[in-house]
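Me: Could you take a close look at one part of this structure with me? I'd like to go through the part around the first strand slowly, in plain words.

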Amino acid sequence: MGRLFVITLEGNLYSCKYCKTHFALSDDIISKSFHCKYGSAYLFNKVVNVTVGDKEDRVMMTGIHTVVDVFCVGCGSLVGWKYEAAREESQKYKEGKVILERFKVLGPDGSEYIPESFMAGPGSDSDDV
């Protein structure tokens, strides 16, 4: 294994929830209106300190996309995905952009995102049968 080079960002940034490796600046957010398994996800124009997995086609809410999973270089955690190709013309703007799952990153103020489904806790109405 070689030496790990990590880019340090300055300003309002998003970082790994687990090891605090820097990922992206707030200024590079294109949209905060994306969704993933754990709730909110943000579309970024540029991210750093990540590696990618193998290409695969995924059926998403907006159609079929070719994507690669995105992993933190610091700890190896899966933190999102990158759009490699979109089949629908209206979705082409996503190509080359990266989604970071808000649940897996710290916000600019160091805050964690906790999905509402995690906050219900035991004994909620939905648990009663």
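Reply: Let's start with a word we'll need straight away: a residue is called buried when its relative accessible area is under 20%, exposed when that area is over 50%, and partly exposed in between. One more thing before we zoom in: this is a predicted model.

Now to strand S1, which covers residues 13-16. Look for tyrosine 14 there. Its relative accessible area is 4%, so by the cut-off above tyrosine 14 is buried. What does the ring of tyrosine 14 pair with? It forms an aromatic pair with phenylalanine 44, with 5.5 Å from centre to centre and 70° between the planes. That makes the pair edge-to-face. Phenylalanine 44 sits in strand S4 (residues 39-44), 30 residues away from tyrosine 14 in the chain, and the pair links these distant parts. Phenylalanine 44 has a relative accessibility of 1%, so this partner is buried as well. There's a third ring to find here: Tyr14, Tyr42 and Phe44 make up one aromatic cluster.

The count for the structure is three aromatic pairs. Another of these pairs is tryptophan 81 with tyrosine 83, again edge-to-face, at 6.3 Å between the centres and 75° between the planes. Tryptophan 81 and tyrosine 83 are both buried.

Back to S1, and this time to its neighbours in the sheet. Strands of a sheet pair through backbone hydrogen bonds, and they can do so parallel or antiparallel. Here three strands make an open sheet, in the order S2-S1-S10, with antiparallel pairing. S2 and S10 are the edge strands with a single partner strand each, so each has one side without a neighbour in the sheet. Between S1 and S10 you can find two bridges. If you want one residue to look at, try serine 15: its bridge partner in S10 is leucine 106.

Next, step into the loop between S1 and S2, where you'll meet lysine 17. What does the charged end of lysine 17 sit over? It lies over the ring of phenylalanine 103, 3.7 Å from the ring's centre. Lysine 17 has another partner too. Side chains of opposite charge can pair when their charged atoms come close. In this case, glutamate 112 forms a salt bridge with lysine 17, and the closest N and O atoms are 3.8 Å apart. Glutamate 112 belongs to the loop between strand S10 (105-106) and H1, so the salt bridge ties together parts that lie 95 residues apart in sequence. How accessible are the two partners? Lysine 17 has a relative accessibility of 17%, so it counts as buried, while glutamate 112, at 47%, is partly exposed.

Stay in that loop for a moment, because lysine 20 lies there too, and its relative accessible area of 54% makes it exposed. Its backbone is worth a look: lysine 20 has a positive phi of about 70°, although it isn't a glycine. You'll find another positive phi, of about 60°, at asparagine 49, which isn't a glycine either. Asparagine 49 lies in the loop between S4 and strand S5 (50-52). With a relative accessible area of 8%, asparagine 49 is buried.

The salt bridge at lysine 17 has company, since the structure holds six salt bridges. Among them is the one between glutamate 101 and lysine 104, with the closest N and O atoms 3.6 Å apart. Glutamate 101 and lysine 104 are both buried. Another salt bridge joins arginine 58 to glutamate 56, at 3.1 Å between the closest N and O atoms. Glutamate 56 is partly exposed, with a relative accessible area of 37%. Salt bridges with shared partners join Glu56, Arg58 and Asp69 into one network.

Finally, how far can you trust all this? The chain has an average pLDDT of 88, and 87% of the residues score at least 70. Strand S2 (residues 22-25) has the highest confidence in the chain, at a mean of 98, and helix H1 (residues 116-119) has the lowest, at 58. Over residues 122-129 the pLDDT stays under 50, and the model has two contacts beyond four places in sequence for this stretch. Where pLDDT is low, the predicted coordinates shouldn't be read in detail.

Note on methods: Residues are numbered from 1 along each chain as its sequence is written. This is a predicted model: local features need pLDDT of at least 70, side-chain atom pairs count only at pLDDT 80 or more; totals for chains, interfaces and linings use all residues. Side-chain values use heavy atoms; hydrogens and water are left out. pLDDT is the predictor's confidence in each residue, from 0 to 100. Helices (H or I, at least four residues) and strands (E, at least two) are DSSP runs, numbered from the N terminus. Contact means heavy atoms within 4.5 Å. Rings of Phe, Tyr and Trp (its six-membered ring) pair if their centres lie within 6.5 Å; planes under 30 degrees apart count as stacked, over 60 as edge-to-face and the rest as tilted. Buried means under 20% relative accessible area, exposed over 50%, partly exposed in between (1.4 Å probe, protein chains only). A charge sits over a ring if NZ of Lys or CZ of Arg is within 6 Å of the ring centre and within 35 degrees of the ring normal. A salt bridge is a side-chain nitrogen of Lys or Arg within 4 Å of a carboxyl oxygen of Asp or Glu. Two strands pair if DSSP finds at least two bridges between them.
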